[in-house]
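Biologist: I should like to request a close look at a single part of this protein. Please describe it in terms that a first-year student can follow.

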Amino acid sequence: MALLLGDTVPNFTQASTDGDLDLYDFLGDGWGILFSHPADYTPVCTTELGAVAGLKEQFEKRNTKVVGLSVDELSSHAGWVKDIEETQNVKLNFPILADTDQKVANLYSMIQTEDNKMTVRSVFIIDPAKKLRLTLTYPASTGRNFAEILRVLDSLQLTDGYKVATPANWRDGDDVIVLPTVSNEDADALFPKGYEAVKPYLRVTPQPNK
Ligand code: BEZ
């Protein structure tokens, strides 16, 4: 059965380019991103892995570790990593699982269809309690926008700490929305910078941790 947001993600041990990887041990008590690819030596995946490697500092700032997955073998990954580093001008700095038995792909429902066992472009954001906080699935022909993944991490980490939600197209530093469950009286105390009640249910306040 597909994983639902809020579920505890299943642990696994699988071979990776950095040796056998136990997901829970690897993530420790930080955040995690698990993302899958259709196959090695494919052009879109090559650009995606390069893009993620280039965001190393951004992930570190957000206390987030990244794990890639493809169902090809470690020997294939090794040659492909060289290509990624050459063509994308980066050093690969996160492990890529060699999920040859599709153990992880099946556990996380990354398989396209029963007839077509190719893994899809899935992303899972996992919080420090090992709860699933985001899933997204893209078609093979569309490379993912990793700035969006960072944006969601920012939103999750902010909204875990404050009684706010983030509006459409929000970016770190923009105004946020006071949760509808917060009374006006409590909002006065919780948001000393004040808030604007555009509607009784739509109250906007400066980002509280800035
Ligand atoms: C790619 O990563 O380039 C790709 C993989 C599968 C189908 C289409 C494109």
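Which residues are around the ligand?

Modeller: This is a predicted model, and what follows is to be read in that light. The residues around the ligand are P38, T42, P43, V44, C45, R121 and A140. Three of these residues have polar contacts to consider in turn. In the side chain of T42, an N or O atom is 3.1 Å from an oxygen atom of the ligand. P43 takes part through its backbone, where an N or O atom lies 3.1 Å from an oxygen atom of the ligand. V44 also presents a backbone N or O atom, and this one lies 2.6 Å from an oxygen atom of the ligand.

The next residue to consider is C45, where the unreviewed UniProt entry places the feature "active site". C45 is called buried because its relative accessible area is 1%, and buried means under 20%. Leaving aside residues up to four places away in sequence, C45 touches H37, P38, A39, W80 and R121. Among these contacts of C45 are P38 and R121, which are also listed around the ligand.

C45 belongs to helix α2, which covers residues 43–54. Helix α2 has 12 residues and reaches 17 Å from its first C-alpha to its last, close to the 16 Å expected. Besides C45, the buried residues of α2 are T46, E48, L49, G50, V52 and A53. An α-helix has 3.6 residues a turn, so residues three or four places apart point the same way.

As for the wider setting, the protein is divided into domain 1 (13–144) and domain 2 (162–205). The centres of domain 1 and domain 2, taken over C-alpha atoms, are separated by 35 Å.

Methods: Residues numbered from 1 in each chain as written. Predicted model: local features only at pLDDT ≥ 70, side-chain atom pairs only at ≥ 80, totals over all residues. Heavy atoms only, no water. UniProt positions renumbered as here; feature names shortened; annotations may be inferred. Helix = DSSP H or I, 4+ residues; strand = E, 2+ residues; numbered from the N terminus. Buried < 20%, exposed > 50% of the residue type's maximum accessible area, 1.4 Å probe, protein only. Contact = heavy atoms within 4.5 Å. Domains from an automatic or database assignment. Expected span 1.5 Å × (residues − 1). Near = heavy atom within 4 Å. Polar contact = N/O pair within 3.5 Å; in protein donor to acceptor, adjacent residues only side chain to side chain.
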